[in-house]
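Take a moment to turn the model around before reading on. We will start with a pair of charged side chains, then walk through the helices, the core and the aromatic rings.

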Amino acid sequence: FRLHEDVIQRTLNLGVFIFIVSSAVYVTQNSINPQISNYVDALYFTITTLTTTGFGDITLQGPGGRILAIVIMVVGVGLFLRLLQAVFRPNKVRFECPDCGLLVHEADAVHCKHCGRVLHIQTEGSV
């Protein structure tokens, strides 16, 4: 778990966001929007909006629906990009700098990027 903590945490954040937003779409649109008759329709709308596919076969109605779609686009795309960043960027080492308190450093860091202090990060050594 510790090895892939960032990826797992960001995946869970994205999953929770999708669940909550799909629920909000269903609750707010079910009674006024004939295109959203069940939770799967709300989930489908959320995923197509989040991935910027936007087929246009389901649209949210009213000003509240438009604001909800904007929130899905802005926040959801940001969460998705953070997940991709965690997957593709090199792993960081959690080691608190004694001077400035910076907690995350590159795996091969010798100096703190914030204050320049020499770091003595414990490693497992070479194999």
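Is Arg94 buried, partly exposed or exposed? This is a predicted model, so please read each value below as computed from predicted atoms. Arg94 has a relative accessible area of 43%, so it is partly exposed. Its partner is Glu5: the two side chains meet in a salt bridge, with 3.6 Å from N to O. Arg94 sits in strand β1, residues 92–94, while Glu5 belongs to helix α1, so the bridge ties together parts that are 89 residues apart in sequence. Glu5, with a relative accessible area of 18%, is buried, because the cut-off for buried is under 20%.

The Arg94 pair belongs to a count of 3 salt bridges. As a general point, side chains of opposite charge can pair when their charged atoms come close. Arg117 and Asp99 also meet through their side chains, at 2.9 Å from N to O. Arg117 lies in the segment after β2 (104–106) and Asp99 in the loop between β1 and β2, so this salt bridge joins parts 18 residues apart in sequence. Arg117 counts as partly exposed at 34% relative accessibility, whereas Asp99 counts as exposed at 54%. Lys113 forms a salt bridge with Glu106, and their closest N and O atoms are 3.3 Å apart. Here Lys113 is exposed, at 66% relative accessibility, and Glu106 is partly exposed, at 22%.

Now turn to the interior. Which residues make up the largest nonpolar core? There are 11 of them: Phe17, Val21, Val25, Ile36, Ala42, Phe45, Ile58, Leu60, Leu68, Ala69 and Ile72. The elements that supply two or more residues to this core are α1 (5–29), α2 (39–50) and α3 (62–88). Another core, of 5 residues, lies apart from it and includes Cys97, Ala109, Leu119 and Ile121. Ile72 is a good residue to click on in the largest core. Setting aside residues up to four places away in sequence, Ile72 touches Phe17, Val21, Val25, Phe45, Thr46, Thr49, Leu50 and Val77.

Ile72 is also one of the buried residues of α3, along with Gly65, Leu68, Ala69, Gly76, Leu83 and Ala86. It helps here to recall that an α-helix has 3.6 residues a turn, so residues three or four places apart point the same way. The buried residues of α3 pack against α1 and α2. You can also check the length of this helix: at 1.5 Å a residue, the 27 residues of α3 should span 39 Å, and the end C-alpha atoms are 39 Å apart, which agrees.

Helix α2 passes the same kind of check, since its 12 residues should span 16 Å at 1.5 Å a residue and its end C-alpha atoms are 16 Å apart. Its buried residues are Asp41, Ala42, Phe45, Thr46, Thr48, Thr49 and Leu50, and they pack against α1 and α3. What caps the N-terminal end of α2? The cap is Asn38, with a side-chain oxygen 3.2 Å from the backbone nitrogen of Val40. Asn38 is placed in the loop between α1 and α2 and counts as partly exposed at 34% relative accessibility. After α2 comes Thr52, whose phi is positive, near 60 degrees.

The aromatic rings bring us back to these helices. The structure holds 2 aromatic pairs. In one of them, Phe19 and Tyr39 have ring centres 6.2 Å apart and planes at 50 degrees, so the pair is tilted. Phe19 lies in helix α1 and Tyr39 in helix α2, so the pair ties together parts 20 residues apart in sequence. Phe19 is exposed, with a relative accessible area of 53%, while Tyr39 is partly exposed at 30%.

Tyr44 and Phe55 form a stacked pair, 6.4 Å centre to centre with 15 degrees between the planes. Tyr44 is in helix α2 and Phe55 in the loop between α2 and α3, 11 residues apart. Tyr44 counts as partly exposed at 29% relative accessibility, and Phe55 as exposed at 58%. Leaving aside neighbours within four places in sequence, Tyr44 is in contact with Phe55, Asp57 and Ile58. Ile58 leads back to the largest nonpolar core, where it is one of the 11 residues.

How values were computed
Residues are numbered from 1 along each chain as its sequence is written. This is a predicted model: local features need pLDDT of at least 70, side-chain atom pairs count only at pLDDT 80 or more; totals for chains, interfaces and linings use all residues. Side-chain values use heavy atoms; hydrogens and water are left out. A nonpolar core is a set of buried Ala, Val, Leu, Ile, Met, Phe, Trp, Tyr and Cys residues joined through side-chain atoms within 4.5 Å. Buried means under 20% relative accessible area, exposed over 50%, partly exposed in between (1.4 Å probe, protein chains only). Helices (H or I, at least four residues) and strands (E, at least two) are DSSP runs, numbered from the N terminus. Contact means heavy atoms within 4.5 Å. Rings of Phe, Tyr and Trp (its six-membered ring) pair if their centres lie within 6.5 Å; planes under 30 degrees apart count as stacked, over 60 as edge-to-face and the rest as tilted. The expected span of a helix is 1.5 Å times one less than its number of residues. A polar contact is a pair of N or O atoms within 3.5 Å; within protein, one must be able to donate a hydrogen and the other to accept it, and residues adjacent in sequence count only if both atoms are side-chain atoms. A salt bridge is a side-chain nitrogen of Lys or Arg within 4 Å of a carboxyl oxygen of Asp or Glu.
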